[in-house]
Amino acid sequence: MKKIFLVCLLTLVIESLFAQSSLQQYTPSVLLSQGQMEFKLFNNLYTQTKVRDASGTDIELGQRQSFLNHQFRFLYGISNNQRLNVGFETNLTTAWYGTESSDFMFTSIGPTLKFVPIESKGNFSIQSTFLFPLNGDDLENPLFVNHNRYTWWTQFFYDYSINSRFNLFFEADLIYRFAVEDFQNDFFRVPLNLIASYFPTSKLTFYTNVQYAPAYGKLPGVEDIEFGRMRWFTQLGLGAKYLILNNLELELSYANFILSKRDGAGSVYNFGIRFLR
């Protein structure tokens, strides 16, 4: 009798550890149900003391440059089949150049639409956000804080579950930045992301990610140059997510720009909070 009790207790413990949680269920590819809401605050700190030139050689800046961005996103489920979510995004940013710093300011705001294009493929979704710049010239003058441009950011998400503990996540983005000044040129990035996740329990996941992000356009200040790939970076990172409550998730991650040309050579520190209701 005692052995049966211990076996039953052990079974309950294992099931509680690996029963699917919101951390596993609501991956970036999965949409919210009708009436459900998601609040997400993603804090991103990029810092560098060097950049890389056209040949990939390190160029020392002689100072530390850091950019802190706070992205707040709200999504709301409006369809009864989890195929359409609507919401908005806003960003607050500040920057440091050595001992000089910018004001902490709202840099952009805009609507977000997320949908599942193929009903039978719930693990494939598209999210599109159009951001309007705020604070105008203060974003780039006298210090660059963020882009003074209209930005159309479209993300393609796909999840693949290997088993209850391992998951692969693919993301392809199109980030198009529209010129708002005569001296600016339109350009866009096409980041490609691969994330491999491991779930030791249903409430905890560790992941590693790699991203390649080329930018296409014309180099500013260079006349008679053809449109093409003007810069790119590759970053490699590690992270973890933990479900402290059934509907409250924390995320911590780090990434390093291991390769780049005409782009940054720094590191990224991220801290995210997601609340589902």
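The exercises below work through a predicted model of one protein chain.

**Exercise 1. Describe the overall make-up of the chain: its secondary structure, its extent and its buried share.**

Solution. Start with the secondary structure: the chain holds two helices and 15 strands. Next take the extent, where the C-alpha trace spans about 85 × 40 × 35 Å along its principal axes. Last comes burial, and 42% of the 277 residues count as buried.

**Exercise 2. Work out how strands E1, E2 and E3 are joined.**

Solution. Step one concerns E1 (residues 37-52) and E2, which run antiparallel and are joined by 15 bridges. Five residues lie between these two strands in their hairpin. In that turn, Gly56 has a positive phi of about 85°.

Step two concerns E2 and E3, an antiparallel pairing over 13 bridges. Their hairpin has six residues between the strands, and Gln82 there takes a positive phi near 55°.

Step three follows one residue of E2, Phe67. Opposite Phe67 stands Tyr46, while in E3 the bridge partner of Phe67 is Ala95.

**Exercise 3. Find the geometry of the aromatic pair of Phe67 and Tyr97, and state whether its members are buried or exposed.**

Solution. A search of the whole structure gives 21 aromatic pairs. One of them is Phe67 with Tyr97, whose ring centres are 5.7 Å apart. The angle between the planes is 90°, and planes over 60 degrees apart count as edge-to-face, so this pair is edge-to-face.

Now place the two residues. Phe67 belongs to strand E2 (residues 58-77) and Tyr97 to strand E3 (residues 84-97), so the pair ties together parts that are 30 residues apart in sequence. Both Phe67 and Tyr97 are buried.

**Exercise 4. Do the same for the aromatic pair of Phe132 and Tyr150, then name the cluster that holds Phe132.**

Solution. The pair is edge-to-face, with 5.8 Å centre to centre and 90° between the planes. Phe132 sits in strand E6 (residues 124-133) and Tyr150 in strand E7, so parts 18 residues apart in sequence are tied together by the pair.

For accessibility, the band between 20% and 50% counts as partly exposed. Phe132 has 37% relative accessibility and therefore counts as partly exposed. Tyr150 has a relative accessible area of 34%, so Tyr150 is partly exposed as well.

The cluster is then read off: Phe130, Phe132, Tyr150, Tyr176, Phe178, Phe188, Tyr216 and Phe227 form one aromatic cluster.

**Exercise 5. Identify which ring Arg73 lies over and which ring Arg231 lies over.**

Solution. Arg73 lies over the face of Trp153, at 5.6 Å from the ring centre. Arg231 lies over the face of Phe187, at 5.1 Å from the ring centre. A charge sits over a ring only within 6 Å of its centre, and the values for Arg73 and Arg231 meet that cut-off.

**Exercise 6. Characterise the second largest pocket by its volume and its lining.**

Solution. First, the volume: the second largest pocket holds about 230 Å³ of space. Second, the lining, which is made up of 13 residues. Those closest to the pocket centre are Gln20, Gln24, Thr27, Ser161 and Asn167. Third, the elements: helix H2 (22-25), strand E7 (150-161) and strand E8 (166-178) each give two or more residues to the lining. Fourth, the classes: three lining residues are nonpolar, eight are polar and two are charged.

Conventions. Residues are numbered from 1 along each chain as its sequence is written. This is a predicted model: local features need pLDDT of at least 70, side-chain atom pairs count only at pLDDT 80 or more; totals for chains, interfaces and linings use all residues. Side-chain values use heavy atoms; hydrogens and water are left out. On a 1 Å grid over the protein atoms alone, a cavity is a set of points where a 1.4 Å probe fits but cannot get out, and a pocket is an open set with protein on both sides within 12 Å along at least five of seven lines; lining residues have an atom within 4 Å of a point. Grid points are joined across faces, edges and corners, and a volume is the space filled by probe spheres set on the points. Helices (H or I, at least four residues) and strands (E, at least two) are DSSP runs, numbered from the N terminus. Ala, Val, Leu, Ile, Met, Phe, Trp, Tyr, Cys and Pro count as nonpolar, Asp, Glu, Lys and Arg as charged, and the others, Gly among them, as polar. Rings of Phe, Tyr and Trp (its six-membered ring) pair if their centres lie within 6.5 Å; planes under 30 degrees apart count as stacked, over 60 as edge-to-face and the rest as tilted. Buried means under 20% relative accessible area, exposed over 50%, partly exposed in between (1.4 Å probe, protein chains only). A charge sits over a ring if NZ of Lys or CZ of Arg is within 6 Å of the ring centre and within 35 degrees of the ring normal. Two strands pair if DSSP finds at least two bridges between them.
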